[in-house]
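Please have the sequence and the three-dimensional view open side by side while reading. The paragraphs below go from one helix to a few single residues, and then to the open and closed spaces.

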Amino acid sequence: MYRHINIIVTIFASALISHSVCAQDISSVLRSVEQNNVGLQSLRQENEAAQLETKMQNNLGDPSVEYSPFWAKGTDGVASSELVVSYGFEFPTVYASRGKAGKLQRSALEQQYLVARRNVLLQAKNLCIDIISISRRLSLLERRLDNADAMMELFQTRFDNGDASAIELNKIKMERMETAAQVSRVKSELETARLSLQAMNGNFPVDFSIMEYPAEMPVPEFEAFRDSLLADELEIKASEAELQAAEQEIKVNNQNWLPELQVGYRRNTALREASNGFIVGASFPIFSNRHKSRIAKARHTASRLQLDDARIQAESRIRAKYDEMLTLRQTIDAYDRNLMEETLDMLRRAVEAGQISVIEYYTEADSVYSSLLSLSETENQYHKLIADIYRNSL
């Protein structure tokens with residue numbers, strides 16, 4: 001008997017230790033999402049394919065081999081033939097310029113991927129913050145439900161002894177009924193958030209059960225705050241990379257007037273005679289490059305305007321987020337959680353002692369619980385805002 005009990009205790013303890021070891025914090029969840037997210041995996045493959053395409057743009061041409069046999073009257077078999085082996089290529093400066101353009105295009109593609117990666121990780125972090133917020137709200141409601149159960153047990157005894165009215169007992173039962181319904185809804189909300197996070201993790205399980213928000217960072221002065229965020233803004237970096245690629249594309253197109261060269265070997269045979277020679281030629285791009293320079297310059301202008309817009313939008317966003325952060329921080333600081341918790345304890349002791357009625361208790365307690373839920377919602381907004389502000393650090 002005792003042996004079985006020891007085995008059960010050992011298994012239970014092992015399970016608790018395993019859970020504590022496997023439980024993930026936000027950073028480990030984000031690393032897992034980055035590795036397992038199907039959308040990011042697809043983007044990485046698309047990015048790799050696009051980068052290979054930019055390398056192919058600067059490949060050398062393929063050699064050409066032509067063989068032409070000729071027949072004539074009165075001659076058995078081939079009377080004469082011609083063999084031509086040729087190879088066309090561009091000026092070396094064109095290859096160098098296009099190679100640099102390809103490198104800049106690949107850098108722009110990498111920056112675009114980093115923006116997409118950041119957006120996915122920010123979404124995952126917001127889900128983690130939601131799970132923390134919902135878990136804290138659930139804990140508050142479960143405490144409220146436990147309190148309603150204790151109150152109902154107490155007043156049921158009082159009602160049976162004739163010391164409480166049916167109205168008071170029914171009020172407690174209705175309070176418990178409503179709280180139980182809220183607990184059920186919040187549990188469903190928590191499960192939905194967990195499943196959404198698991199879906200972002202490639203449908204691999206995520207063990208995230210933390211109930212504490214990430215550590216808060218001190219609020220710096222606005223100028224330092226703005227300069228730091230602008231330096232890390234991925235949209236600006238992506239736009240700068242696009243602009244550099246567009247500038248180099250103009251340089252490539254400015255060399256399109258250079259002719260393509262062709263060299264080769266030719267061999268002609270006629271019966272028993274054969275002659276050998278070389279091929280030297282050039283192809284002049286008179287018509288094929290029409291409007292290419294104008295297209296490249298138009299794209300460069302568009303890229304420069306996009307960079308200007310990215311900077312304007314980033315500065316406007318940073319100013320708005322900074323003001324919102326200060327407002328939410330002041331709102332949170334205005335709440336006194338300890339005072340509210342103490343008030344709930346005092347109200348419960350007062351109604352148990354018969355100093356106030358059940359109606360008065362729930363009137364006051366509802367106000368306190370409402371304030372606690374408002375605080376919980378504000379904290380959720382604040383930490384999501386902080387995540388959004390420092391999103392480029394993910």
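A residue is called buried when its relative accessible area is under 20%, and exposed when that value is over 50%. The model shown here is a predicted one. With those cut-offs in hand, helix α3 is a convenient place to begin, and its buried residues are Leu 40, Asn 47, Ala 50 and Thr 54. Around the helix axis these residues cover an arc of only 80°, which means that they lie on the same side of α3. A general property of helices is useful here: an α-helix has 3.6 residues a turn, so residues three or four places apart point the same way. On the other side of α3, the exposed residues are Val 38, Gln 45, Glu 53 and Met 56. The cover over the buried residues of α3 includes α2, which runs over residues 26-36, and α4. As for the length of α3, its 19 residues should span 27 Å at 1.5 Å a residue, and this agrees with the end C-alpha atoms, which are 27 Å apart.

Helix α4, one of the elements that cover α3, comprises residues 92-160 and contains Ser 97. Is Ser 97 buried or exposed? Its relative accessibility is 9%, and because this falls under the 20% limit, Ser 97 counts as buried. When neighbours within four places in sequence are left aside, the contacts of Ser 97 are with Gln 248, Lys 251, Val 252 and Gln 255.

Asn 203 offers a second single residue to look at, placed in the loop between α5 (166-200) and α6 (222-232). Its phi is positive, at about 70°, although Asn 203 is not a glycine. In general, most residues other than glycine have a negative phi. Asn 203 has a relative accessibility of 53%, and therefore counts as exposed.

The open spaces come next. The largest pocket holds about 420 Å³ of space, and 20 residues line it, with Gln 105, Ala 245, Ala 246, Glu 249 and Arg 299 lying nearest its centre. Helices α3 (38-56), α4, α7 (234-253) and α8 (292-334) each contribute at least two residues to this lining, and α8 gives the most, with 7 residues. By class, the lining of the largest pocket is made up of 8 nonpolar, 7 polar and 5 charged residues.

The second largest pocket has a volume of about 300 Å³. Its lining consists of 21 residues, of which Glu 90, Arg 98, Asn 256, Asn 289 and Lys 292 lie nearest the centre. Two or more lining residues are given to the second largest pocket by α4 and by α7, and the largest share, 5 residues, comes from α4. This lining divides into 7 nonpolar, 9 polar and 5 charged residues.

There remains the enclosed space. How many cavities of 30 Å³ or more are there? The count comes to 1 cavity, and the space in the largest cavity is about 40 Å³. Its lining is formed by Met 217, Pro 218, Val 219, Pro 220, Met 325, Tyr 382, Ile 386 and Tyr 390. In terms of class, the lining of the largest cavity has 8 nonpolar residues, with no polar and no charged ones.

Terms used. Residues numbered from 1 in each chain as written. Predicted model: local features only at pLDDT ≥ 70, side-chain atom pairs only at ≥ 80, totals over all residues. Heavy atoms only, no water. Helix = DSSP H or I, 4+ residues; strand = E, 2+ residues; numbered from the N terminus. Buried < 20%, exposed > 50% of the residue type's maximum accessible area, 1.4 Å probe, protein only. Contact = heavy atoms within 4.5 Å. 1 Å grid on protein atoms, 1.4 Å probe; cavity = no way out; pocket = protein on both sides within 12 Å on 5 of 7 lines; lining within 4 Å. Points joined across faces, edges and corners; volume = space filled by probe spheres on them. Nonpolar A, V, L, I, M, F, W, Y, C, P; charged D, E, K, R; others polar. Expected span 1.5 Å × (residues − 1). Arc of directions from axis to C-beta.
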